[in-house]
Amino acid sequence: MAKETNLQENIAHNLVYYRKSYGLTQLELAEKLSYTDKSVSKWERGESVPDIFVLKALADLYGIKVDDFYRDKPKKLHNRQVRRRLVAALLSIAAIWVVATVIYTVIMVLYDGGNIAENVWLVFLWAIVASAIVGDVFTFFYEKRFIYLISLTIFIWSLAVAIFFTVNQCYGQHPKYMWLVFIVAIPLQVLATLQYLLRWSFVNFTDNLTENFKRRRTTRKNPEETSKSPQDDSHSENGP
């Protein structure tokens, strides 16, 4: 019975470790598994154990083996899937800039001296916007929270700059009140920052709450171990 309890505690501990290493909240993991966050919370508190099919799905998600959930010490997570997606994101950004460069070169050659050629540099501004979108998508789904905030900041302000200069170049003059686009960007930036701060605080709070609950539950299960004092240990080792 003690061995079974220890195994269940190992699974619970490893579930928490791998989820945090992967950068997921309990709710986000639950959505990936089509379960509720309450179920994930019970697994991580050791109140229940996910069935073998769930463990297999989690193992595939984290790039580990099912047996790794039973280990006393969790295996260091090497997230191959995240690395593959990162490479895909970088290749997508590189493709955006290749396309932008090709468009710029073709227009400069075909319309040298024309109005289109004078404004073709705007394609690079919009390439920055498109690159930021790719970065946002990657960091959002893989919970790189601080990098996501940076990427979102780049998107907000690059979009404002791109709209401002594109409209100015198309009209040939500065349209009235066009500067308001930057005023609109300010509350968007504030909202993005607040989302980052509040979500980060909420995740830490819920994770700490889960750990404290699990610790108290272990204490209730083994009161004789927690009530045993260091002096008792020393007496038992040294004899009466």
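1. In this predicted model, the protein holds 11 helices and zero strands. Read from the N terminus on, its elements run α-α-α-α-α-α-α-α-α-α-α, and a reader who is new to the structure may wish to trace that order before turning to single residues.

2. On burial and surface, 33% of the 240 residues of the protein count as buried. The accessible surface of the protein comes to about 15,600 Å², and carbon and sulfur atoms account for 65% of that surface.

3. As for how the chain meets itself, the contacts to consider are those between residues at least 6 apart in sequence, and among these 64% join residues at least 24 apart.

4. Helix H2 spans residues 26–33, and its buried residues are Gln26, Glu28, Leu29, Ala30 and Leu33. Following H2 comes Ser34, a residue whose phi is positive, near 60°.

5. Gln26 deserves a separate look, since this residue, which lies in helix H2, has a relative accessible area of 14%. Gln26 is therefore counted as buried, because that value falls under the 20% cut-off. The side chain of Gln26 is also joined to the side chain of Glu44 by a polar contact of 2.8 Å, so that the description of this buried residue includes a polar partner outside the 26–33 range of H2.

Key. Residues numbered from 1 in each chain as written. Predicted model: local features only at pLDDT ≥ 70, side-chain atom pairs only at ≥ 80, totals over all residues. Heavy atoms only, no water. Helix = DSSP H or I, 4+ residues; strand = E, 2+ residues; numbered from the N terminus. Buried < 20%, exposed > 50% of the residue type's maximum accessible area, 1.4 Å probe, protein only. Polar contact = N/O pair within 3.5 Å; in protein donor to acceptor, adjacent residues only side chain to side chain. Contact = heavy atoms within 4.5 Å. Areas by Shrake-Rupley, 256 points an atom, 1.4 Å probe, with all protein chains shown as cover.
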